[in-house]
Structure formats: structure tokens, C-alpha cells
Amino acid sequence: DVNLDEEHQVIRGFGGMVHNTWQGGAGLSESDANLAFGNGDGQLGLTVLRIPVNENSSDFGKELAAAKLAKERGAIVYATPWKPPTSIQTPYTLNRWGTTYNTTQIVESDWQAYVNHLNSFSDYMKNQGVPLYAISIQNEPDWCDSWTCWTADNLYKFTKNYADQLRKNGTKVISAESFAYSKSLYNQILEDDAALKNIDILGAHFYGSEANTANNYFEYALADQ
């Protein structure tokens with residue numbers, strides 16, 4: 001039941017993602033933007049658009065048209081990186097479920113360069129008239145067979161010592177987004193006030209769940225606290 005007299009949480013919005021590299025450059029047409037973000041009859045009324053932070057600065061503009069269409073219709077735009085620039089991709093071997101993947105990581109000596117890259121994208125979007133509502137530290141660092149891997153320890157140290165710089169343009173900071181809401185990826189950050197103060201949003205994906213997944217998968221007492 002819905003009780004309109006009692007508020008339990010704020011839902012900032014619902015939305016979707018545009019990723020031109022995955023979509024073959026299709027982007028978002030004006031008619032699809034109207035359907036997705038419009039508030040008229042037969043329109044979805046979405047209010048959030050997620051876009052990637054491309055690893056090459058020359059590709060920063062790939063999602064710009066879609067972001068502008070969403071913003072013009074009242075949506076907020078936030079961004080997530082998959083990979084850093086090639087110059088700071090360091091080889092990393094991932095072993096998952098008996099399979100070995102040759103992927104990448106960002107070593108600590110390159111963390112400032114990574115911050116600079118994310119901030120340069122934030123600057124670009126702001127200068128193009130679409131300031132980001134928020135930016136994430138990393139997409140699915142615990143899946144990462146095709147993009148950048150992070151350990152929980154390194155995410156904790158990066159968040160504590162570098163993540164506050166990502167607020168340069170008034171942009172909110174989203175934690176790295178675990179692919180299956182793995183609490184071990186967040187615990188150290190949530191338990192340390194010096195790290196916790198550097199994120200505004202806890203980002204997570206729920207690919208480890210299905211329709212009959214128990215409630216305790218979604219519950220996170222430490223985050224609630």
C-alpha cells in the first residue's frame with residue numbers, strides 16, 4: 001500500500017543510458033528523446049540520463065547531443081567511466097570463477113591523472129551547457145573483464161585521498177558501482193568518515209539478483225546508518 005502521509009525515502013528519478021560506442025553511433029533521436037523524457041500522453045517522463053566518460057578526450061562529445069536533448073526536457077545527466085586514458089592503463093590479471101582475464105587497473109601513481117581526466121570531462125560538459133549532476137568513480141570494478149578493475153582497498157584509498165576533487169564543478173560524487181551490490185566494496189569507505197565525506201551517492205548495480213532474490217540482498221544496514 002502507498003501511504004501519502006508518510007515519507008520513507010526520496011526517489012530522485014528514473015532513467016536510462018546512452019552509450020554511442022555500444023549503440024554504433026545511434027545516440028538518441030529527437031523523437032526518442034520526446035518519448036523517453038517527455039511528460040505528455042504516451043510518453044515515459046524519465047528524468048535521468050546516464051552517459052559514459054570515454055577514455056579518449058576526442059570522444060567526449062559522443063553523447064553530447066543526447067545529453068542536451070535530455071536536459072532540454074528537464075532530466076539530470078550523470079556520467080560513469082569504464083576505462084581511463086590508455087596512457088594510465090596498467091595490465092592486470094583477473095581470476096574469476098576459474099577463468100583468467102587479461103584486463104587493466106590504474107596504479108596509485110596515476111590516480112591524480114585519472115582525477116584530471118574525469119574533471120576534464122566534467123569541464124567539457126559544463127562548457128557545452130550540460131553540467132553533470134554527478135560523476136562515478138568506476139563502472140563495475142568487481143566485474144571488469146573488459147574494463148578497469150579496482151580492489152576494495154584501492155577504492156577506499158582513492159575515495160579517501162582523491163575523490164573530493166571530483167566536485168570541481170559542483171558535481172556530486174558517486175562511489176564505484178559494484179555489479180552485484182557487493183558490500184565488501186563499500187564497507188571500508190562507509191566505516192571511515194574521512195573517506196565517506198568524499199562521496200555523495202552510493203552507486204550499485206543489482207545484476208546478482210532476480211525476481212525471487214531475498215530481501216537481505218538489497219538491505220545494507222551500514223549504508224542506512
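Guide: Before we start, contact means heavy atoms within 4.5 Å. Keep in mind too that this is a predicted model.

Visitor: With that in hand, what share of the contacts with a separation of 6 or more comes from residues 24 or more positions apart?
Guide: Take the contacts in the protein chain with a separation of 6 or more. The part made by residues 24 or more positions apart comes to 73%.

Visitor: What radius of gyration does the protein chain have, set against a compact globule?
Guide: The C-alpha trace spans about 50 × 45 × 35 Å along its principal axes. For 225 residues, a compact globule would have a radius of gyration near 17 Å. The chain agrees with that, as its own value is 18 Å.

Visitor: How many helices and strands are there?
Guide: Walking from the N terminus, you meet the elements as β-α-β-α-β-β-β-α-β-α-β-α-α-α. Tallied up, the protein chain has seven helices and seven strands.

Visitor: Which strands of the open sheet stand at the edges?
Guide: Five strands pair in the parallel sense, in the order β1-β2-β3-β6-β7. An edge strand has a single partner, so one of its sides is left without a neighbour in the sheet. That describes residues 15-17 and 172-174, in other words β1 and β7.

Visitor: Within that sheet, which residue of β6 does A79 stand opposite?
Guide: Strand β3, residues 76-81, pairs with β6, residues 134-136, over two bridges. Look across from A79 to β6 and you find I135.

Visitor: Which parts cover the buried residues of α2?
Guide: Helix α2 covers residues 64-72, and its buried residues are L64, A66, A67, L69 and A70. Just after this helix, G74 takes a positive phi of about 90 degrees. As for the cover over those buried residues, it includes α1, β2, β3 and α3.

Visitor: Are the planes of F60 and F121 stacked or edge-to-face?
Guide: This is about aromatic pairs, and the structure holds 19 of them. The ring centres of F60 and F121 are 5.0 Å apart, with the planes at 75 degrees. Planes over 60 degrees apart count as edge-to-face, so this pair is edge-to-face.

Visitor: How many residues apart in sequence are the parts that F60 and F121 tie together?
Guide: F60 is buried, with a relative accessible area of 5%, and F121 is buried as well, at 1%. F60 lies in the loop between β2 and α2, while F121 lies in helix α3. The pair therefore ties together parts whose separation in sequence is 61 residues.

Visitor: Where does the partner of W111 in its edge-to-face pair with Y162 lie?
Guide: The rings of W111 and Y162 have centres 5.8 Å apart and planes at 90 degrees, so they are edge-to-face. Both residues are buried. W111 lies in helix α3, and the pair ties together parts 51 residues apart in sequence, because Y162 lies in the loop between α4 and β7.

Visitor: Over the face of which residue does K183 lie?
Guide: There's a cluster linked by ring pairs, made of Y181, Y186, F206, Y217, F218 and Y220. K183 lies at 5.6 Å from one ring centre, that of Y220.

Visitor: And which ring does the charged end of R96 sit over?
Guide: Measure from R96 to the ring centre in the model and you get 5.6 Å. The ring under that charged end belongs to W97.

Notes: Residues numbered from 1 in each chain as written. Predicted model: local features only at pLDDT ≥ 70, side-chain atom pairs only at ≥ 80, totals over all residues. Heavy atoms only, no water. Pairing = 2+ DSSP bridges. Helix = DSSP H or I, 4+ residues; strand = E, 2+ residues; numbered from the N terminus. Buried < 20%, exposed > 50% of the residue type's maximum accessible area, 1.4 Å probe, protein only. Phe/Tyr/Trp six-rings, centres within 6.5 Å; stacked < 30°, edge-to-face > 60°. Lys NZ or Arg CZ within 6 Å of the ring centre and 35° of its normal. Rg over C-alpha atoms; globule rule 2.2 N^0.38 Å.
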